[in-house]
Amino acid sequence: MRTKLNVGVALDPRSLLVHRPGRRRPPGPLPLQWGWAGALFLLYVTLSARRHALLRSTGYDLGIFEQAVRAYSELRAPVAPLKGEGFNLLGDHFHPVLAVLGPFYRLWPSPYCLLTAQAALLALGVVPLARWASRALGRPAAHAVAFAYGASWGIASAVAFDFHEAAFAVPLLAFAVTAAGNRRWRSAAAWGLPLLLVKEDLGLTLAALGAYIALKGPVRLGIATVGAGVLGTLLATKVLVPAFSSAGAYAYGQYVAGSRSSLLATLALAPLDALRPDTKPITLVLVFAVTAFVALRSPLALIAVPTLGWRMLSQHDYHWGTAFHYSVVLMPIVFAALIDALTPYARTAHPLARRHLRASLAASVAVTLVLLPSFPFALLAQRATWSTSRHVETARDLLRRIPDGATVAASNRLAPQLTSRCTVVLFPSYPIPGKLYEASGRPPPPTADWIIHDRTPAESWPLPKGHWPYPPDRQQAELAAAQRKYDYELVAARDGLTLLRHRRLP
């Protein structure tokens with residue numbers, strides 16, 4: 001009698017393969033998240049490198065950060081001459097994390113070192129998000145999340161505006177909110193704590209993360225995280241930054257200080273102030289539109305409140321809009337909230353739930369695609385991005401005439417072309433006596449060995465086309481005064497560019 005053996009487990013034919021000693025197993029496929037990280041890195045570094053090569057980067061801010069990192073690489077205090085004589089950048093913002101780049105800059109002393117590091121940090125943010133999406137929602141959903149995050153306007157705006165310390169916050173927040181969404185509370189707090197070393201306002205974001213932990217997980221850990229965030233921000237703004245500042249104060253505090261006559265009026269009118277002018281609500285809408293507003297269904301979205309709060313209540317119009325780097329720290333938060341909000345729909349086999357999941361992700365991708373032409377990634381499709389104009393070639397030729405180690409007063413767009421090998425200040429010197437961005441008063445006499453000025457500034461999103469920090473007629477007057485009163489001689493003047501040298505040089 002023949003007996004049949006019923007096996008209740010389906011065998012994968014690949015499991016029957018025998019591994020023979022001396023033969024290596026074929027490598028598995030590259031994990032989805034690392035493939036996306038590599039692709040996004042190439043996208044980001046290409047855009048930022050081309051901008052710099054076309055003289056579209058600026059002294060304010062790429063040049064400033066390079067001067068600080070260069071100082072760290074030489075084991076000096078992070079003094080940035082572009083901000084002022086002897087200006088310690090820790091007296092501007094508290095970002096000691098920049099010292100991490102010092103050893104890399106020592107090996108590669110170039111602004112491209114900073115731009116490459118920023119591209120890598122922003123691309124790294126996709127790793128925990130895509131991995132979580134793959135496990136919770138499936139591989140097709142993970143591709144959608146990775147694309148929507150990587151091509152989002154918040155990331156694009158940061159990539160296309162020089163280098164900023166906020167890039168370090170992106171992977172830290174991505175890992176922190178992913179851990180919180182998966183109830184790994186200690187990991188979430190551990191990833192969030194280094195935010196205190198990135199920038200002073202991010203302590204409030206850490207406090208919001210702690211509030212989420214206290215709400216959903218262990219209360220003691222959450223309260224401790226809230227305390228660390230609040231105390232870290234107070235310590236940075238009230239003690240550390242003033243200690244390094246020549247003015248003895250945290251200068252940026254004036255932007256979020258109440259402008260009303262009383263504290264009561266400030267608190268009462270804060271909701272209205274947060275929505276006026278109309279630039280503010282547009283930004284608020286676009287922050288969550290990249291997730292088709294699904295992120296608003298997750299309590300993880302509350303972690304974005306501190307950053308949105310200080311920006312909307314700020315008196316500086318740069319903080320209100322979608323340009324610059326201010327929204328980059330919000331992107332990992334809202335996409336983590338998107339994954340969290342959609343996870344319950346992926347856990348059920350109900351057809352309506354699956355349809356909702358697919359529709360939400362499709363809407364997120366569609367919004368990202370619609371916004372692409374309005375933000376900097378569209379620059380990669382423009383012919384001007386891939387051609388070098390005669391003006392740029394002339395500028396490079398004149399810049400090469402300036403010897404290494406010289407002191408140079410340069411136009412804002414030319415400054416970061418020299419900060420790796422010269423001591424650079426802005427031409428004409430930009431006074432910051434007590435108020436930030438105060439351009440009144442006569443600039444001090446130039447003392448640099450060389451002056452290089454460009455009266456034809458390049459197109460450079462997000463800054464408007466024009467002259468900064470002074471109008472063109474005033475800059476031309478200062479250039480003429482350098483030759484007439486301060487003993488500079490003309491070396492070359494071509495295609496809107498002027499190169500002067502001080503006569504004291506041999």
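Helices here are DSSP runs of at least four residues, numbered from the N terminus. Keep in mind that this is a predicted model.

**View 1. His391 sits in helix H18.** Let's start with His391, which you'll find in helix H18, covering residues 390–400. Is His391 buried or exposed? With a relative accessible area of 14%, His391 is buried, because anything under 20% gets that label. Now skip the neighbours within four places in sequence and look at who else touches this histidine: Asp454, Thr456, Asp495 and Leu497. Two of those names are worth remembering for the next view: Asp454 belongs to strand E3 (residues 450–454), and Leu497 belongs to strand E5 (residues 497–502).

**View 2. Strand E3 is wrapped up by its surroundings.** How many of the 5 residues of strand E3 are buried? The count is 5 of the 5, so the rest of the structure largely encloses this strand. In a regular strand, side chains take turns between the two faces of the sheet. For E3, Trp450, Ile452 and Asp454 are on one side, with Ile451 and His453 on the other, and both faces are covered.

**View 3. E3 pairs with strands E1 and E5.** Strand E1 (residues 407–410) runs parallel to E3, and 3 bridges join them. To spot one of the bridges, find Ala410 and look across to Ile452, its partner in E3. E5 also pairs with E3, but in the antiparallel sense, over 5 bridges. Here you can pick out His453 in E3, whose bridge partner in E5 is Thr498.

**View 4. His164 is tucked into a loop.** Now we move to the loop between helix H7 (153–159) and helix H8 (166–181), which is where His164 sits. His164 has just 2% relative accessibility, so it counts as buried. Its side chain reaches the backbone oxygen of Phe161 at 3.2 Å. Leaving out neighbours within four places in sequence, His164 is in contact with Asp61, Phe65, Gln118 and His325. Check out Ile64 too: 100 residues separate Ile64 from His164 in sequence, but their C-alpha atoms are 9.8 Å apart in space.

**View 5. Aromatic rings meet up.** The model has 11 aromatic pairs. One of them joins Phe161 and Phe324 edge-to-face, with 5.0 Å between the centres and 75° between the planes. This pair links distant parts of the chain: Phe161 is in the loop between H7 and H8, while Phe324 is in the loop between helix H15 (305–313) and helix H16 (331–346), 163 residues apart. Both phenylalanines, Phe161 and Phe324, are buried. For another pair, look at Tyr250 and Tyr252: their ring centres are 6.2 Å apart and their planes meet at 50°, so this pair is tilted. Tyr252 is buried, at 12% relative accessible area. Back at Phe161, ring pairs build a cluster out of Phe161, Trp310, Tyr318, Phe324 and Tyr326.

**View 6. Charges sit over rings.** Which residue lies over the face of Trp320? That's Lys280, at 4.6 Å from the ring centre. Arg474 does something along those lines with Tyr470: its charged end sits over the tyrosine ring, 4.2 Å from the centre.

**View 7. Confidence drops over residues 1–29.** Across the protein chain, pLDDT averages 88, and 86% of the residues score at least 70. Over residues 1–29, though, pLDDT stays under 50, and the model has 1 contact beyond four places in sequence for them. Where pLDDT is low, don't read the predicted coordinates in detail.

How values were computed
Residues numbered from 1 in each chain as written. Predicted model: local features only at pLDDT ≥ 70, side-chain atom pairs only at ≥ 80, totals over all residues. Heavy atoms only, no water. Helix = DSSP H or I, 4+ residues; strand = E, 2+ residues; numbered from the N terminus. Buried < 20%, exposed > 50% of the residue type's maximum accessible area, 1.4 Å probe, protein only. Contact = heavy atoms within 4.5 Å. Pairing = 2+ DSSP bridges. pLDDT = per-residue confidence, 0-100. Polar contact = N/O pair within 3.5 Å; in protein donor to acceptor, adjacent residues only side chain to side chain. Phe/Tyr/Trp six-rings, centres within 6.5 Å; stacked < 30°, edge-to-face > 60°. Lys NZ or Arg CZ within 6 Å of the ring centre and 35° of its normal.
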